[in-house]
Amino acid sequence: MDHSRRAALKTGGSAGVFAWLAAAGVLPVSAATISPVFSIHGVDAVMQALGAAGAHASEAIEIVAAEIVENGAMVSVEVASRLPGTRQMALLVDQNPTTLAAIFDLPEGTSPRLQTRIKMAKTSHVIAVVDAEGGFFLAQREIKIVQGGCG
Amino acid sequence: MSDPARIRATVAEGVTQVRLMATHPMETGRRRLPDGALVAAHYITDLTVLHNDRVVLQARFGPSVSRDPYLVFSFAGGAPGETVSVSWRDNRGDRRSDSVTIR
């Protein structure tokens, strides 16, 4: 996988955003490390920015969540990967205004299983993108939302 | 000043499980008050968990993470009496760090 390109994208991108935001006076300097991938809209574009374009679906990634959730403001999601060398997991929500919810870097020794809570604007697919030894893989799962929780 | 994160770290059979809840509004910047005014975006962007001085989890958040971000995960190692600490920084540049002793 093209890790160097991704790293370059991250640092180059955040430096650019940093300069722009600082110039615009929008953010204090210390807050300027926000990764630009969070402002990208759409699953394909986010995947591309993560360096994960063309990732294959894998049954070794499991997303544990309820099928129907009343309150989209707090949706419990657990992602577990059995892929060897899992070092990063990203969570995307295809119908959210902000597609990328979170990226988790897992150092050696940290279990590739993680539970968190995310907001979902409406019924969507939650997509887990995993960076492992053999490249990028993904799994997705639809979660039905009764009342959206993106404010 | 924000409230402390709630953290619990317990070790069993050589694996330490961490449960944490940071206290943060995680405003997306899209929510409106009853008078129609937008609530400014205010959310944690980076959260790091350390075991003693070693990073065991590095998370980057967007505004789609729920209010009071909650995480459960495990890492190999850890012993009762050692430290697990959680540090975060938000989009306004505020920071907070809290720690607990592994039980």
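**Strand pairing in chain A and contact with chain B**

In this predicted model, a hairpin of six residues links strand β5(A) to strand β6(A). The two strands, β5(A) and β6(A), run antiparallel to each other and share five bridges. Within this pairing, Ala102(A) of β6(A) lies opposite Leu91(A).

Strand β5(A) covers residues 88-93. Of its six residues, five are buried, and the strand is thus mostly covered. β5(A) also pairs with strand β8 of chain A, which spans residues 124-132. This pairing is antiparallel too and comprises six bridges. One of the partners is Val126(A) in β8(A), which is bridged to Val93(A). Strand β5(A) therefore pairs with β6(A) and with β8(A), as antiparallel strands with at least two bridges in each case.

Strand β6(A), residues 100-105, carries the pairing across to the other chain. Its partner there is β4(B), again in the antiparallel sense, with four bridges between them. Here Arg60(B) of β4(B) is found opposite Ile103(A).

The contact between the chains can also be described by residue. On the chain B side, 29 residues are in contact with 34 residues of chain A. Three strands of chain B each supply at least two residues to the side that touches chain A: β3 (44-51), β4 (54-61) and β5 (70-76). By residue class, this side of chain B holds 13 nonpolar, 10 polar and six charged residues.

Methods: Residues numbered from 1 in each chain as written. Chains lettered and ligands numbered in written order. Predicted model: local features only at pLDDT ≥ 70, side-chain atom pairs only at ≥ 80, totals over all residues. Contact = placed C-beta atoms within 7 Å. Nonpolar A, V, L, I, M, F, W, Y, C, P; charged D, E, K, R; others polar. Buried ≥ 20, exposed ≤ 12 C-beta atoms within 10 Å, placed from the backbone.
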